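Here is a short, friendly tour of one model, meant to be read with the structure open beside you. We will look at a helix pair, a pocket and a few single residues.

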Amino acid sequence: MKTTDTPPTGDERIPAPRAGQGPEVRKVAAPVPEKREGAVLNVFSHGVLIIWAIMVVMPLLWAVMTSFKTDRAIFTSPWSLPDALHFENWSRAWTEAHMSDYFLNTILVVGGSLVGTLLFGSMAAYVLARFEFPGNRFLYFLFIGGMSFPIILALVPLFYVMQNMALLNTLHGLILVYIAYSLPFTVFFLTAFFRTLPTSVAEAAFIDGASHTRTFFQVMLPMARPGLISVGIFNFLGQWNQYLLPTVLNTDPEQKVLSQGLVQLAVSQGYKGDWSGLFAGLVMAMLPVLAAYVVFQRQVVAGLTAGAVK
C-alpha cells in the first residue's frame, strides 16, 4: 500500500531519534539587533560634549597660564607657556589692587546671605510642602512669580527703600537684598524636594513627642541635605558673581565686593598696563567657584535627581 506524505504545515516537524541516539537539537540563530544608528548617535553626542568641554576649559586654562606671565610675554607670545612662574603678579594684585579687601567683603556678604537664604527658604518650603492651610497655593505661586520679576525693574524703588532704612553702602544691607533676591528660587526648589520625603518619619517624631520645630531641624532638615547642597551651590554661584545689585546699592569704595573690584581693576590697569595683575585677580575670583563645584559635584547631582524620583 502506498501512502502519500503531506508536507507539514505550520511548525516544522522534528523526526524521531533513532535507537541509541539522543534527541536532535537544532540551534536557531538569534536576530542581530541594529546597532548602527545607536553607534552613530553615540559618536555624535560624545563629539559635541568634547567640543563643549574644550570651549569651556581652554579659556580657564589660558587665564591661569596668563596670570603667571609678564606683561611683555602676554602680548608677544599669548599662547605659549610662561618661561617662569611669576607669583609676584598674584601678590601685587592681592595687596596693591586691594583684592584682599574685596575678597573679604565678598566672603562676608555671600556667606551671610547664603546662610539666611537656606534657613528662611527651607522653613518656607517645608511649610508650603507639608501643611495644608488657606492661601497655601497663593503663597507658593507668589514665590514663583518672584522668579519671573526682572530685578532691574526694582532697582530704583529698592534704592530709595534702602536709603530710607539707612542700609545703603553697608554689608548687612547687601546681605538682606541678596536673601530677598534668592528666596523665590530656593523656595521653589526645596518645596518640590520636601514633597518627596517620606511622611512616616515626621509622624514618628510627632508620636515620640517632638515639636514641629524640633522635627524640622533634627529630622526633616538632615534628610533634605542633598537638596540644600544643590540649591546652595546655585545660590553661591549667583551671589558670588552678582554685579548689578552691589553696583547700585554699594558705592562705598571700602565696602565693594569682588565683582566691583575686578571692574575697577580692569579700568585702572587698562591705563597702567598691568595686565598680568588683572589676570591674577581674575583667577582669584574664579578659584572659589571652581573649588565649590568640584567638592560638591556629587551632592549637586544627587540633589537634582532626588527631587525628580519619588
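Axes here are lines fitted to C-alpha atoms, for helices over the stretch in contact, and angles run from 0 to 180 degrees between N-to-C directions. Helices are DSSP runs (H or I, at least four residues), numbered from the N terminus. This is a predicted model, in which local features need pLDDT of at least 70 and side-chain atom pairs count only at pLDDT 80 or more, while totals for chains, interfaces and linings use all residues. Residues are numbered from 1 along each chain as its sequence is written, and side-chain values use heavy atoms, with hydrogens and water left out.

**A helix pair**

Start with helix α10 (residues 225-240) and helix α13 (residues 275-295), whose axes come within 10 Å and cross at roughly 175°. The two are therefore roughly antiparallel to each other, a label used for angles over 145 degrees. On the α10 side, the contact (heavy atoms within 4.5 Å) is made by Ile233, Phe236, Leu237 and Trp240, and α13 brings Ala285, Pro288, Val289 and Ala292. By class, this contact has eight nonpolar, no polar and no charged residues. Nonpolar covers Ala, Val, Leu, Ile, Met, Phe, Trp, Tyr, Cys and Pro; charged covers Asp, Glu, Lys and Arg; the others, Gly among them, are polar.

**The largest pocket**

A pocket is an open set of points on a 1 Å grid over the protein atoms alone, where a 1.4 Å probe fits, with protein on both sides within 12 Å along at least five of seven lines; lining residues have an atom within 4 Å of a point. The largest pocket holds about 490 Å³ of space, a volume filled by probe spheres set on the points. It has 22 lining residues, and Ile151, Ala180, Tyr181, Ser182 and Pro184 are the closest to its centre. Helix α7 gives the largest share of the lining, eight residues. The lining divides into 17 nonpolar, five polar and no charged residues.

**Single residues**

How accessible are Thr66, His98 and Asn169? Buried means under 20% relative accessible area, exposed over 50%, and partly exposed in between (1.4 Å probe, protein chains only).

| Residue | Location | Relative accessible area |
|---|---|---|
| Thr66 | helix α1 (residues 36-66) | 1%, buried |
| His98 | loop between α3 and α4 | 41%, partly exposed |
| Asn169 | loop between α6 and α7 | 28%, partly exposed |

Thr66 touches Ile74 and Phe279, leaving aside residues up to four places away in sequence. His98 has a positive phi, near 60°, and is not a glycine. Asn169, also not a glycine, has a positive phi of about 60°.

Methods. Angles under 35 degrees count as roughly parallel, over 145 as roughly antiparallel, 65 to 115 as roughly perpendicular and the rest as oblique.
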